[in-house]
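Biologist: Before we discuss any details, could we have the sequence and the coordinates side by side? I would like to take the questions one at a time.

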Amino acid sequence: MPAGVQQPEGIPVPYGARRTLAMGPEVGEIEETFDRAGAEAIAADLKARAGKKGFKGYPVYQGHPDAPAPVGTKFPDKAAIGWITAVTPGETEAVFSVRWLANPGEGFSHFSPYWGGTFDASRKRLAVTRFKSLGLTNDPDYEDMALPHEGEDDLTAGTPAQPKKEKRMDPKAIAKLLGLPETATEEEISAAIAAALKAKADAEAQAKKDADAKTAAEASLEHERAAHRGTILARAIEDGRITAAERPVWEARLAHEKSFSVEVKALDALPKKLKTAPSASAAKGAAASRDQVLALAHEKMSADKGLDFNAAYQAVKAERPDLWVAGGKAGEA
């Protein structure tokens, strides 16, 4: 291919039935059908003529200068800019291989086949079996025959006539990516894609489930640790080793899991600052009240996982002031 040519050496011509006025106003609109059988007939004709004197292939023109008047007269440049040297029929399209003589650039958005075949006048249908030339155009009869451009990944650069056109991936390439044989049918490819998507969705759902379970377990563990810290601090206050005012400081010290055991030992080593030796009857009442307060506080923490011991303790104190009667203060020295 000459330097700078933007068109590929293989132009895909899709199979299908298309409505056109290509045979002129006197005939009116007809239906052209290009299928694999027609592509095979064109490929066989090209192969049979290859090597004959003067035959270089099917010509590629700018427009259709070889068409009868008045169409042909619109295109004064009758020089071929390339030759179609091979036609390869596929499952959904035929690929026309071009040997370019000149650079058509990106000035054309579509290609337009000039072909013939068997015409059914009563039904106005042309079954394509012959090929004459390929014209490059910006005024296409068929929007599905857009020219592909090299160096583009997902969308063609386009022109004013065809701003963008999605490229289709080769089914054989898709099958290979899915681990299927190249002969896989569309149904098999679709089933494999659906299975892969389901497996991906299942894996994502399981990952989310595992993450949620981990988060819940960590939250539950932290609640248990908070309750344990609350019990330790409440007992330290009861024993007179710290005061209620000192509780927040020690709560922060006990919050570090790595140094928890060290801080507990430091708390246990503190001397008792307050006298906590009530009479036997008062001590018995205080113990009963204390146990009841602790039980109620733990009951609240079980019902509301967001409560720590201090909040639960204060809630019980607000609801049950009778447990803090003289001589029987449950949670204070």
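Modeller: A residue is called buried here when its relative accessible area is under 20%, exposed when that area is over 50%, and partly exposed in between. Please keep in mind that this is a predicted model.

Biologist: How many helices and how many strands does the protein chain have?

Modeller: The chain runs to 333 residues, and buried residues make up 34% of them. Of the contacts in the chain with a separation of 6 or more, 55% are between residues 24 or more positions apart. The secondary structure of the chain comes to seven helices and eight strands.

Biologist: Which residues of helix α1 are buried?

Modeller: Helix α1, residues 36–49, has 14 residues and reaches 20 Å from its first C-alpha to its last, close to the 20 Å expected at 1.5 Å a residue. With the cut-off of under 20% relative accessible area, the buried residues in α1 are Gly-38, Ala-39, Ile-42, Ala-43 and Leu-46.

Biologist: How are those buried residues placed around the axis of α1?

Modeller: An α-helix has 3.6 residues a turn, so residues three or four places apart point the same way. On the other side of α1, Ala-37, Lys-47 and Ala-48 are exposed, while the cover over its buried residues includes β3, β4, β5, β6 and β8. The buried residues of α1 lie on the same side of the helix, because the arc they cover around the axis is only 135 degrees.

Biologist: Which residue caps the N-terminal end of α1?

Modeller: Beyond α1 in the chain comes Gly-51, with a positive phi near 90 degrees. At the N-terminal end, a side-chain oxygen lies 3.3 Å from the backbone nitrogen of Ala-37, and the capping residue that supplies this oxygen is Asp-35.

Biologist: Why can strand β4 be described as largely enclosed by the rest of the structure?

Modeller: Strand β4, residues 58–62, pairs in the antiparallel sense with β5, residues 82–89, over three bridges, and Pro-59 stands opposite Trp-83 in β5. With strand β8, residues 125–137, β4 pairs in the parallel sense, again over three bridges, and there Gln-62 stands opposite Leu-136. The description as largely enclosed holds because the buried residues of β4 number four of the five.

Biologist: Which strand is joined to β8 by 11 bridges?

Modeller: Strand β3 runs parallel to β8 and is joined to it by three bridges, with Ala-127 in β8 as the bridge partner of Thr-33. In an antiparallel pairing with β8, Ser-112 has Gly-135 as its bridge partner. The strand that 11 bridges join to β8 is β7.

Biologist: Which element gives the largest share of the largest nonpolar core?

Modeller: In soluble globular proteins, nonpolar side chains tend to be buried together. The largest nonpolar core in this model has 30 residues, and those with the most contacts inside it are Phe-34 and Ile-84. The elements that give two or more residues to this core are β1, β3, α1, β4, β5, β6, β7 and β8. The largest share, five residues, comes from β8.

Biologist: Which residues does Phe-34 touch, leaving aside those up to four places away in sequence?

Modeller: Phe-34 is one of the two residues with the most contacts inside the largest core. With residues up to four places away in sequence not counted, Phe-34 touches Val-13, Pro-14, Tyr-15, Gly-16, Arg-18, Ala-39, Ile-42, Ala-94, Phe-96, Trp-115 and Val-128.

Biologist: What is the phi of Lys-124?

Modeller: Lys-124 lies in the loop between β7 and β8, a hairpin with four residues between the strands. Its relative accessibility is 35%, and therefore Lys-124 counts as partly exposed. Although Lys-124 is not a glycine, its phi is positive, about 50 degrees.

Biologist: Which residue has its backbone nitrogen 2.8 Å from a polar atom of the side chain of Asn-138?

Modeller: Asn-138 has its place in the loop between β8 and α2, residues 171–177, and counts as partly exposed because its relative accessibility is 38%. Asn-138 and Ser-112 are 26 residues apart in sequence, yet 9.5 Å apart in space, C-alpha to C-alpha. The backbone nitrogen lying 2.8 Å from that side-chain polar atom of Asn-138 belongs to Ser-109.

Technical notes:
Residues are numbered from 1 along each chain as its sequence is written. This is a predicted model: local features need pLDDT of at least 70, side-chain atom pairs count only at pLDDT 80 or more; totals for chains, interfaces and linings use all residues. Side-chain values use heavy atoms; hydrogens and water are left out. Buried means under 20% relative accessible area, exposed over 50%, partly exposed in between (1.4 Å probe, protein chains only). Two strands pair if DSSP finds at least two bridges between them. A nonpolar core is a set of buried Ala, Val, Leu, Ile, Met, Phe, Trp, Tyr and Cys residues joined through side-chain atoms within 4.5 Å. Contact means heavy atoms within 4.5 Å. The expected span of a helix is 1.5 Å times one less than its number of residues. The arc is that of the directions from the helix axis to the C-beta atoms. A polar contact is a pair of N or O atoms within 3.5 Å; within protein, one must be able to donate a hydrogen and the other to accept it, and residues adjacent in sequence count only if both atoms are side-chain atoms.
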